[in-house]
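Please open the model in the viewer and set the display to cartoon, with side chains available on selection. The tour proceeds by selecting one element or residue at a time.

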Amino acid sequence: MQQFKSKKLMPLLNKSTLTEKLIVVLGASAVKTDQDSCVLYSQDVYAKDKPCAIVIKPSCAKKLSQAVSIITQGGYSVVARGGGMSYTGGYVPKEEHSVVVDMSALNNVLEVNTKDMYVTVESGCSWEKLYLTLKEHKLRTPFWGTLSGRFATVGGSLSQNGIFWGSAQHGFAVDSVLSLDVILSDGTTLTTGSAAKKGTQPFARHFGPDLTGLFCNDSATLGIKTKATIRLIPEALHKGSTSISFTEFNHQAELMSEVARQGLASECFGFDPFLQSQRLQRESLGKDIKSLFGVMKAAGSVGKALKAGSKIALAGRDFIESECWSVHFLVEDWTEQGVELKLNKINQLAENLQGKVVENTIPKVMSANPFGPVNNMVGPKGERWVPIHALVPHSKVQEAYLATEAVFNKHAALIEQCNIGIGYLLATVSSTVFVLEPVFFWPEALNELHKHALEPAHLKRLPGFAANPVASNAMAVIRADLISKYAESGYIHMQLGKSYQFKQVLDAENYQLLTDIKKRLDPNNRLNPGCLGFD
């Protein structure tokens, strides 16, 4: 197979000269070269490599397109960064001569079209901002954000493919998109979907081959998304939730799969006993009270608020037995009766699988406070945290769990020696995908991004840890082994970044086609080199 070979690059522009050129286009306040900024914006929740040379923060797409042209012609690479909440190295620069684009100033909701049912938003807009804007119209997007949506951006989720809010019913983040505006490596802008036809609205995704999909899941290595148009749906009138505990993984997983097959839930997520205890340890009494007020406010009436609040208060933190797995479902419908029918069906399916209905505190709190602080990006004592995941069909869930456990058993001595904690987060996406996500905690000093993103009061309370390269190296070994196991087992991933195997596992013909496209769109490989195997 023909490999990707970049053209001979132009001579590398002097950093000072490039900085001056970018200041002319963007303004001095939008261009940073100080070491602190270059280090902060060049790391994610897990990975930290070479700091970039320059950070830019454009406020309009036209200026960004000019800047991209200047940067790539100067021989530098361009790496787009959304909210910074990912952990697979997607926006961590591979080269020192790189410019990181902080997309957070491109954050406007441009159009809410209530007749044609779409919203157009700049890609640096957070999911929380979009959600609150649409709530005024009693509308939302089908997929409406990740748990880190206070920071996570629309463009970042489309580049990495996010899941959570709305995923169990409506699929991945990219499944709701109709149209994109994308800046290519030479600074030109390409529009996809029906809007690619001159004078036509971005109301339909499919007008010929699906070019919108081409620029999703790419970690901005084919183009930098500046604008997205997403479908709208009415906000559901009635919502409800239920929580089930199990003593065994296989029964919990089977319930999740059956609920997904029957399309009963809008959100579905589960925890193993360890991850469940970690989550509860993180919280404080003050957070409990704040969450309780959120639940009561979301209840919709005084009577319902008092009922919801009293149930949670009485349940306390002992509503799930410590050694149990737990799964949580949120359902929506146009009537209260419809919600009750779905909840009753889920609870009956659970009973048939030896599940026990428990107080639904977790989904109530999360639903009432969908975009809370990102304090969960570290452990309850300040441990470092990182997940790894596998996407599998429902028929392969048990196999994937056993394969994961086999890797952990192989490294059991190392895990114990380095005090590495391991839990599981489980989820479903639409009716066909099961997400198995092992989550790791280990004693290690926090990085600059953690200190920047955590709430100051929460950060201050954490005991924290000293630098622990032995534990971090052990984590890297276990993580790499698990990723290789998933690759050889035929499982796939979202959030590819630079962590998961892609080029190594994709059919040669498919990868050659992608290589040809990359050559056409970015002949010198200046857009986020290292992603999708384009070194």
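In this predicted model, begin with the buried residues of helix H18: Ala471, Ser472, Ala474, Met475, Ile478, Arg479, Leu482, Ile483, Tyr486 and Ala487. Then select the whole helix, residues 469-489. H18 has 21 residues and reaches 30 Å from its first C-alpha to its last, close to the 30 Å expected at 1.5 Å a residue. At the end of the helix, select Gly490, which follows H18 and has a positive phi, near 90°.

Next, display what covers the buried residues of H18: the cover includes strand E16 (384-387), strand E17 (390-392), helix H14 (397-410), helix H15 (412-417) and strand E19.

Within E19 (residues 433-442), select Pro438. Is this residue buried or exposed? Pro438 has a relative accessible area of 0% and is therefore buried. Beyond its neighbours within four places in sequence, Pro438 is in contact with ten residues to display in turn: Val386, Pro387, Ile388, His389, Thr404, Phe408, Gly423, Tyr424, Leu482 and Tyr486. Now select Ile422, 16 residues away along the chain; its C-alpha is separated from that of Pro438 by 6.7 Å.

Move on to Trp165, in the loop between helix H5 (154-160) and helix H6 (167-170). Trp165 counts as buried because its relative accessibility is 1%. Outside its neighbours within four places in sequence, its contacts include Phe143, Trp144, Glu267, Met366 and Phe371. Pro370 is also in contact with Trp165, and the backbone oxygen of Pro370 lies 3.2 Å from a polar atom of the Trp165 side chain. Finally, select Gly149: the C-alpha atoms of Gly149 and Trp165 are separated by 9.7 Å.

Terms used:
Residues are numbered from 1 along each chain as its sequence is written. This is a predicted model: local features need pLDDT of at least 70, side-chain atom pairs count only at pLDDT 80 or more; totals for chains, interfaces and linings use all residues. Side-chain values use heavy atoms; hydrogens and water are left out. Helices (H or I, at least four residues) and strands (E, at least two) are DSSP runs, numbered from the N terminus. Buried means under 20% relative accessible area, exposed over 50%, partly exposed in between (1.4 Å probe, protein chains only). Contact means heavy atoms within 4.5 Å. A polar contact is a pair of N or O atoms within 3.5 Å; within protein, one must be able to donate a hydrogen and the other to accept it, and residues adjacent in sequence count only if both atoms are side-chain atoms. The expected span of a helix is 1.5 Å times one less than its number of residues.
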